Amino acid sequence: MDLGSLAREAYKGMAGLDGFVTRSTLPKPLLELVRLRASQLNGCVYCVDMHSSDAKQAGESDARLHAVAVWREAPFFTEQERAALAFTEAATKLTTGDITDEVWERAAACFTEPELAALVVAVAAINAWNRMGVATRMVPESYKP
């Protein structure tokens with residue numbers, strides 16, 4: 001099997017994960033914030049560009065988008081968004097002890113069990129997309145040389 005065939009198969013699997021997350025009851029603006037924050041942490045310029053653009057098209061404000069990188073200090077985010085962003089950071093960094101009981105309990109208090117499952121899948125999926133984007137040096141769609 002050649003690299004192109006492998007990539008197409010991987011894409012199908014990833015699209016299935018994204019479909020599961022999209023069908024969940026997680027708020028779509030929250031999903032874009034989660035995807036944007038993980039992409040920032042992973043240094044995936046393609047995904048940062050895509051998810052900030054998607055969030056903006058969905059009505060997200062510039063102030064909130066600019067503040068995602070410093071969400072703890074910014075007054076713009078709800079408790080549910082803060083719980084999701086804390087979980088995203090912990091699950092993205094994934095070093096020993098990052099997903100503490102406090103991080104998990106905070107997320108569990110803000111989301112139903114199916115939503116929490118969708119959040120876990122959303123973070124796992126964007127991290128996988130980021131790794132593919134970084135590894136293949138994907139160029140942002142908005143980039144015009």
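Where is the place of Arg137 relative to α7? In this predicted model, Arg137 is found in the segment after α7, and with a relative accessibility of 69% this residue counts as exposed. The backbone of Arg137 deserves a remark of its own, since Arg137 has a positive phi of about 55 degrees although it is not a glycine. Most residues other than glycine have a negative phi.

**The two cysteines**

How many disulfides does the count come to? The count comes to zero. The sulfur of Cys44 has its closest cysteine sulfur in Cys47, at 3.4 Å, and this is too far for a bond, because a disulfide requires the two sulfur atoms to lie within 2.5 Å. Cys47 is accordingly in no disulfide, the sulfur of Cys44 being the nearest cysteine sulfur to its own. Both residues are hidden from the surface by the measure used here: Cys44 counts as buried at 1% relative accessibility, and Cys47 is buried with a relative accessible area of 3%.

Cys47 also provides a link to helix α2, which spans residues 28–42 and holds Leu36. Although Leu36 and Cys47 are 11 residues apart along the chain, their C-alpha atoms are separated by 7.1 Å. Leu36 counts as buried at 2% relative accessibility, and, when residues up to four places away in sequence are not counted, Leu36 touches Val48, His51, Ser52, Leu65 and Val68.

**A loop residue with a polar contact**

Leu65, one of the residues touched by Leu36, is also in contact with Glu60. The place of Glu60 is in the loop between α3, residues 45–57, and α4, residues 62–67. Is Glu60 buried or exposed? Glu60 counts as buried, because its relative accessibility is 10% and the limit for a buried residue is under 20%. The side chain of Glu60 makes a polar contact, at 2.3 Å, with the side chain of Arg64. Leaving aside neighbours within four places in sequence, the contacts of Glu60 are with Pro29, Leu33, Ala55 and Leu65.

**Helix α5, the loop after it, and α6**

Thr88 has its place in helix α5 and counts as buried, with a relative accessibility of 0%. Beyond its neighbours within four places in sequence, Thr88 is in contact with Val34, Arg37, Ala38 and Val123. Ile99, by contrast, is found in the loop between α5, residues 79–93, and α6, residues 101–110, and counts as partly exposed at 36% relative accessibility. Ile99 and Thr88 are 11 residues apart in sequence, and their C-alpha atoms are 9.4 Å apart in space. With neighbours within four places in sequence left aside, Ile99 is in contact with Phe87, Ala90, Ala91, Leu94 and Trp104.

In helix α6 lies Arg106, which is partly exposed, with a relative accessible area of 27%. Which residues are in contact with Arg106, leaving aside its neighbours within four places in sequence? They are Trp71, Glu79, Arg82, Ala83 and Ala86. For Glu79, which is 27 residues from Arg106 along the chain, the C-alpha separation from Arg106 is 9.1 Å.

The table sets out the three residue pairs for which a C-alpha separation has been given.

| Pair | Apart along the chain | C-alpha separation |
|---|---|---|
| Leu36 and Cys47 | 11 residues | 7.1 Å |
| Ile99 and Thr88 | 11 residues | 9.4 Å |
| Arg106 and Glu79 | 27 residues | 9.1 Å |

**The largest pocket**

The largest pocket has a volume of about 460 Å³. Its lining is made up of 21 residues, and those that lie nearest the centre of the pocket are Tyr11, Trp129, Met132, Gly133 and Met138. Three helices, namely α1 (3–23), α3 and α7 (113–135), each supply at least two residues of this lining. Which helix gives the largest share of the lining? That share, eight residues, comes from α1. In chemical character, the residues of the lining divide into 16 nonpolar, three polar and two charged.

Technical notes
Residues numbered from 1 in each chain as written. Predicted model: local features only at pLDDT ≥ 70, side-chain atom pairs only at ≥ 80, totals over all residues. Heavy atoms only, no water. Helix = DSSP H or I, 4+ residues; strand = E, 2+ residues; numbered from the N terminus. Buried < 20%, exposed > 50% of the residue type's maximum accessible area, 1.4 Å probe, protein only. Polar contact = N/O pair within 3.5 Å; in protein donor to acceptor, adjacent residues only side chain to side chain. Contact = heavy atoms within 4.5 Å. 1 Å grid on protein atoms, 1.4 Å probe; cavity = no way out; pocket = protein on both sides within 12 Å on 5 of 7 lines; lining within 4 Å. Points joined across faces, edges and corners; volume = space filled by probe spheres on them. Nonpolar A, V, L, I, M, F, W, Y, C, P; charged D, E, K, R; others polar.
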